[in-house]
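Hi,

Here is the structure I said I would pass on. Have a look at it first, and my notes come right after.

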Amino acid sequence: MGLYLLDYGAGNVQSLANSLSALGRKFKWIKSPADFAHATSLIFPGVGAFETAIAHLASRGLLEPLREYILSGRPYFGICIGMQVLFESSAEAESKGLGIIPCPIERFSDDDKAVPHMGWNAADLISASDDAEGVDTASYYYFVHSYCAKYTPETHPDAMRWVHSTTQYGHEVFVSSVRRGNVFATQFHPEKSGKAGLALLDEWLRKPEAAHTHAPAAPLVARPPAPKHRLTKRIVACMDVRANDQGDLVVTKGDQYDVREKGTTTAEAAGAVRNLGKPVALAARYYAAGADELCLLNITSFRHSPLQDQPMLAVVRAAAECVFVPLTIGGGIKDTVDPDGTKRSALEVAGTYFRAGADKVSIGSEAVYAVERLREGGQSDGTGAIETIVHVYGKQAVVVSIDPRRAYVDPTVYDGPYKSELVYGLPDGPENERGKAWWYQCTVSGGREARPLSAVELAKGVERLGAGEILVNSIDRDGTGLGFDLALVELIKKSVRIPVVASSGAGAAQHFVDVFTRTDVEAALAAGIFHREEVGIAEVKERIRDAGINVRDH
């Protein structure tokens, strides 16, 4: 079979390549317009901004050959952007799509939900069929997008004849897959949807090519919104990666960000970097255990140039080959200068990690500096790390990790700029918090330097700059096992309209239930308790499910 993959020049296409390799499938890349003539089946995976995708396809002379390929009747499988380009246009940009499906792509409303739509959701088939093209209504698939084709049979009947499945997010029902003639495409990412996604890919690949060329038009079915969508809460396993004193990359975990061993009786171990395992092995273990996402944070290895940090790049490549859920990479995603004077932009650094297999990049200290500049100047010039990466790869590709520390004040006299953000210790709360008040002050450099900026200011600022998700850490709770700082998490969640991940302090499965029942965060992250096997991911999910919270099955 002449299976080809189309890489339009941006986004993480390596994830799909890894999935196909894991399924034992051989393929070739579309490298020039002439390659379309040799393809008997084509997959177009895309992550990123609609405008950038269309511009890159056009600049490389691939847009019209892509249209001609699809109209030729040969099998086509589009993923995310690979589905959206089939439509007329996108509200994301002024660029026109291929116009094969006569309907526009629109932005989600954020009136009742966070945007982007990020996480695991269901796909409901329009009609029952023995041949559902691998879409399983009992499974969850991974979505990450701010724009969608809304399911509107009343106003776009011709376009809705293409719809294979729909999904609900908030009170909006949108098109999650299309199928007609030779075209099959999904808004979700099967290559990042674990076993369910691999099964879908495998079914499509196993069929004879002739079976992909004559799918009938779909019926028009009314789909009023259900009382509640089925987006699950996400459990994220995080690994802090750094070189130990022998130069080997290990997963470590700190207490208030200190990763050195303390109180040991062995001279060699005293003061050594805490070693909790090898990053790729742990990533594979967490994927097998049912983690919904993985995060690899490089906490020390960017002293010279992130693009010369070949060991960490190798870790990302190796992890991406055995992990089929989203992978976030953090550490050193900023403008840098190589030892030889060569300038490297944050966009170039991020692109290198995306091509290695990352799906999102996490930005920390650079986000603080960017918001401080924004506060001083009133507007951004568009050249910062967040803006440039978002422009090319889409806002869903950028996570901002904030590291606040409590700044205690006397509530009877404090009249500073953060008076409206003060949090007060509860009478029945931890004894050391009772009668106290504080605001959350941002830090940089791994918590070592405080900045005159509040966590709320930072969250609002990075949302304005275009970030798609916020990871809320707590220096005060890190490594304590006392549970998430619910006041901090809720404060940030109420300040923004993008997804928020709670982090720091988890010590028991119940702590995940607490953060999901007492705040509206979309995800919760843990590290040490998973590394030390004090609590398992399956145990966490079982406790969450028992509490009546929707979570993806292992």
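Below is what I found, starting with one annotated cysteine and moving on to some helices. Keep in mind that this is a predicted model.

**Cys 80**

The unreviewed UniProt entry carries a "binding site" annotation that covers Cys 80. In the model, Cys 80 belongs to strand β4, which spans residues 76-80. Is Cys 80 buried or exposed? Its relative accessible area is just 5%, and the cut-off for buried is under 20%, so Cys 80 counts as buried. If you skip the neighbours within four places in sequence, Cys 80 is in contact with Gly 46 and Val 144, and also with Thr 186, Gln 187, Phe 188 and His 189.

**Helix α12**

This one covers residues 455-465. Its buried residues are Ala 455, Val 456, Leu 458, Ala 459, Gly 461, Val 462 and Leu 465. Residues three or four places apart on an α-helix point the same way, because there are 3.6 residues a turn. Just after α12 comes Gly 466, with a positive phi of about 115°.

**Helices α14 and α16**

How do α14 (residues 509-518) and α16 (residues 537-546) pack? Their axes lie 8 Å apart, at an angle of about 45°, which means α14 is oblique to α16. The crossing of the two is right-handed. On the α14 side, the contact is made by Ala 509, Gln 510, Phe 512, Val 513 and Phe 516; α16 brings in Glu 539, Val 540, Arg 543 and Ile 544. Sorted by class, that contact has six nonpolar residues, two charged and one polar.

Cheers

Key: Residues numbered from 1 in each chain as written. Predicted model: local features only at pLDDT ≥ 70, side-chain atom pairs only at ≥ 80, totals over all residues. Heavy atoms only, no water. Axes fitted to C-alpha atoms, helices over the stretch in contact; angles between N-to-C directions. Helix = DSSP H or I, 4+ residues; strand = E, 2+ residues; numbered from the N terminus. Parallel < 35°, antiparallel > 145°, perpendicular 65-115°, else oblique. Left-handed = near helix turned anticlockwise from the far one by under 90°. Contact = heavy atoms within 4.5 Å. Nonpolar A, V, L, I, M, F, W, Y, C, P; charged D, E, K, R; others polar. Buried < 20%, exposed > 50% of the residue type's maximum accessible area, 1.4 Å probe, protein only. UniProt positions renumbered as here; feature names shortened; annotations may be inferred.
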